[in-house]
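Let's walk through this one together, starting with the overall layout and then zooming in on a few spots. Keep the viewer open as you read.

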Amino acid sequence: FNGIPREITWGEDRLPVIRLVSVRDEQAAYPAITGPRTLFEVDTPGVRLALTYLHRSKRWTIDGLDDLAPAA
């Protein structure tokens, strides 16, 4: 209920969010074409995702994907 994503559905796969890495709130200063947005960087098992929530359209997008390196 706090707005932080808990699970990512990608096609038929469901990836639980195991850690919130960062949040960037762009509700005061934002690109005029996209409107206010909030950017989240989250860890899921094996993958780090950059997610954006677009407040005007109430839509989520995946903006970046990075494999997590296994701990040595």
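**Strands all the way along**

The chain has six strands and zero helices, so the pattern you get by definition of DSSP runs, reading along the sequence, is β-β-β-β-β-β. Keep in mind that what you're looking at is a predicted model. The C-alpha trace spans about 45 × 25 × 25 Å along its principal axes. The chain has 72 residues, and 25% of them count as buried. The exposed surface comes to about 5,400 Å², with carbon and sulfur atoms supplying 52% of that.

Two more whole-chain numbers are handy before we zoom in. Take the contacts between residues at least 6 apart in sequence: 25% of those join residues at least 24 apart. As for charge, there are 9 positive and 10 negative ones, and their mean positions sit 8 Å apart.

Now for the strands themselves, beginning at the N-terminal end. Strand 1 (residues 7-10) pairs with strand 2 (residues 13-16) in the antiparallel sense, over four bridges. Within that pairing, Ile8 stands opposite Leu15 of strand 2. The two strands form a hairpin with two residues between them, and Gly11 takes a positive phi there, near 65 degrees.

Further on, strand 3 (residues 19-26) and strand 4 are also antiparallel partners, this time over seven bridges. To find your place in that ladder, look for Asp25, whose bridge partner in strand 4 is Thr38. The loop between strand 3 and strand 4 holds Ala28. Is Ala28 buried or exposed? Its relative accessible area is 80%, and because exposed means over 50%, Ala28 counts as exposed. For a sense of distance, compare Ala28 with Val17: these two are eleven residues apart along the chain, and their C-alpha atoms are separated by 27 Å.

Next comes the pairing of strand 4 with strand 5, antiparallel once more and running over eight bridges. This is another hairpin with two residues between the strands, and Gly46 in the turn has a positive phi of about 90 degrees. One bridge in this pairing joins Asp43 to Arg48 of strand 5.

Asp43 deserves a pause. This residue is found in strand 4, and with a relative accessible area of 5% it is buried, because the cut-off for that label is under 20%. What does Asp43 touch, leaving out residues up to four places away in sequence? Its contacts are Pro16, Val17, Ile18, Arg19, Val21, Arg48 and Leu68. Pro16 is a good example of sequence and space telling separate stories: Asp43 and Pro16 are 27 residues apart in sequence, with 8.6 Å between their C-alpha atoms.

With the strands in place, turn to the nonpolar side of things. Which residues make up the largest nonpolar core? There are nine: Ile8, Leu15, Val17, Phe40, Val42, Val47, Leu49, Leu51 and Tyr53. Strand 4 (37-44) and strand 5 each supply at least two of these residues, and the largest share, four residues, comes from strand 5. Notice that Ile8 and Leu15, both members of this core, are the pair that stand opposite each other in the hairpin of strand 1 and strand 2.

A general point helps when you scan along a strand: in a regular strand, side chains alternate between the two faces of the sheet. With that in mind, look at two neighbours in sequence. Tyr53 belongs to the core, and beyond its neighbours within four places in sequence it is in contact with Pro36, Arg37, Thr38, Phe40, Lys58, Arg59 and Trp60. Thr52 lies in strand 5 (residues 47-54) and counts as buried at 2% relative accessibility. Apart from residues up to four places away in sequence, Thr52 touches Arg37, Thr38, Leu39, Arg59, Trp60, Thr61 and Asp63.

Last stop: Lys58, one of the residues that Tyr53 contacts. Lys58 is found in the loop between strand 5 and strand 6 (59-67). With a relative accessible area of 63%, Lys58 is exposed. Its backbone is worth a click too, since phi is near 55 degrees, a positive value in a residue other than glycine.

Terms used: Residues are numbered from 1 along each chain as its sequence is written. This is a predicted model: local features need pLDDT of at least 70, side-chain atom pairs count only at pLDDT 80 or more; totals for chains, interfaces and linings use all residues. Side-chain values use heavy atoms; hydrogens and water are left out. Buried means under 20% relative accessible area, exposed over 50%, partly exposed in between (1.4 Å probe, protein chains only). Contact means heavy atoms within 4.5 Å. Accessible areas come from the Shrake-Rupley method with a 1.4 Å probe; for residues, only the protein chains shown count as cover. Lys and Arg count as positive and Asp and Glu as negative; His and the chain ends are not counted. The place of a charge is taken as NZ of Lys, CZ of Arg, CG of Asp or CD of Glu. A nonpolar core is a set of buried Ala, Val, Leu, Ile, Met, Phe, Trp, Tyr and Cys residues joined through side-chain atoms within 4.5 Å. Two strands pair if DSSP finds at least two bridges between them.
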